[in-house]
Amino acid sequence: MNKDSKAKLTVTINKKILENAKKVAEEKHLPLSGAIENFLEFFVEPSVYCFKCGRKFTSKEAEVCTKCGWMICPHCKVCGCSLGEETLRAVFYMRRTFEDLLIGRVK
Ligand SMILES: [Zn+2]
Ligand SMILES: [Zn+2]
């Protein structure tokens, strides 16, 4: 399949949200289709940055730690187990932001 081939998407969403989204897209000089495409790409395959080594990985390539329930970074093998309580909280709520967006767990 050609990665760059385009298909038309017709969806019905909240009118006010759409109006506001168009405004923001205009202000940022970004096409709304680009924002939707970006989100859907993340929706299909969420990718995150490792809090330790800073490298990006996708949820598909990461194993989940049975102890802490976090994804283990495939690059440096670090998960939530090595974090202090305060950092753990910070990362937990950061991840929650994404999960609200995705309407479900990242992994
Ligand atoms: Zn890492
Ligand atoms: Zn762990």
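The chain folds into three helices and four strands, where helices (H or I, at least four residues) and strands (E, at least two) are DSSP runs numbered from the N terminus. The model is predicted: local features need pLDDT of at least 70, side-chain atom pairs count only at pLDDT 80 or more, and totals for chains, interfaces and linings use all residues. Residues are numbered from 1 along each chain as its sequence is written, while chains are lettered from A and ligands numbered from 1 in the order in which they are written.

Read from the N terminus, the order of elements is α-α-β-β-β-β-α. The chain is more spread out than a compact globule, because its radius of gyration is 17 Å, well over the 13 Å that the globule rule gives for 107 residues. That radius is taken over C-alpha atoms, and the rule is 2.2 Å times the number of residues to the power 0.38. The C-alpha trace spans about 45 × 35 × 25 Å along its principal axes.

The domain assignment, automatic or from a database, gives domain 1 (9–44) and domain 2 (47–107). Their C-alpha centres lie 26 Å apart.

Burial comes next. Of the 107 residues, 6% count as buried. A residue is buried if 20 or more other C-beta atoms, placed from the backbone, lie within 10 Å of its own, exposed if 12 or fewer, and partly exposed in between. Ala62, Trp70, Met71, Cys73 and Cys79 make up the largest nonpolar core. Such a core is a set of buried Ala, Val, Leu, Ile, Met, Phe, Trp, Tyr and Cys residues joined through C-beta atoms within 7 Å. Leaving aside residues up to four places away in sequence, Trp70 touches Val64, Cys65, Cys79 and Gly80; contact requires C-beta atoms, placed from the backbone, within 7 Å. Of the contacts with a separation of 6 or more, 24% are between residues 24 or more positions apart.

Two helices are set out below; the expected span is 1.5 Å times one less than the number of residues.

| Helix | Residues | Expected span | Distance between end C-alpha atoms |
|---|---|---|---|
| Helix 1 | 15–27 (13 residues) | 18 Å | 19 Å |
| Helix 3 | 85–102 (18 residues) | 26 Å | 25 Å |

For helix 1 the two values agree, and for helix 3 they agree as well. Helix 1 lies largely in the open, because the number of buried residues among its 13 is zero. Helix 3 is hardly covered, with a count of zero buried residues among its 18. Just after helix 1, His29 has a positive phi of about 55 degrees. Ile103, just after helix 3, takes a positive phi of about 55 degrees.

Notes:
Two residues are in contact if their C-beta atoms, placed from the backbone, lie within 7 Å.
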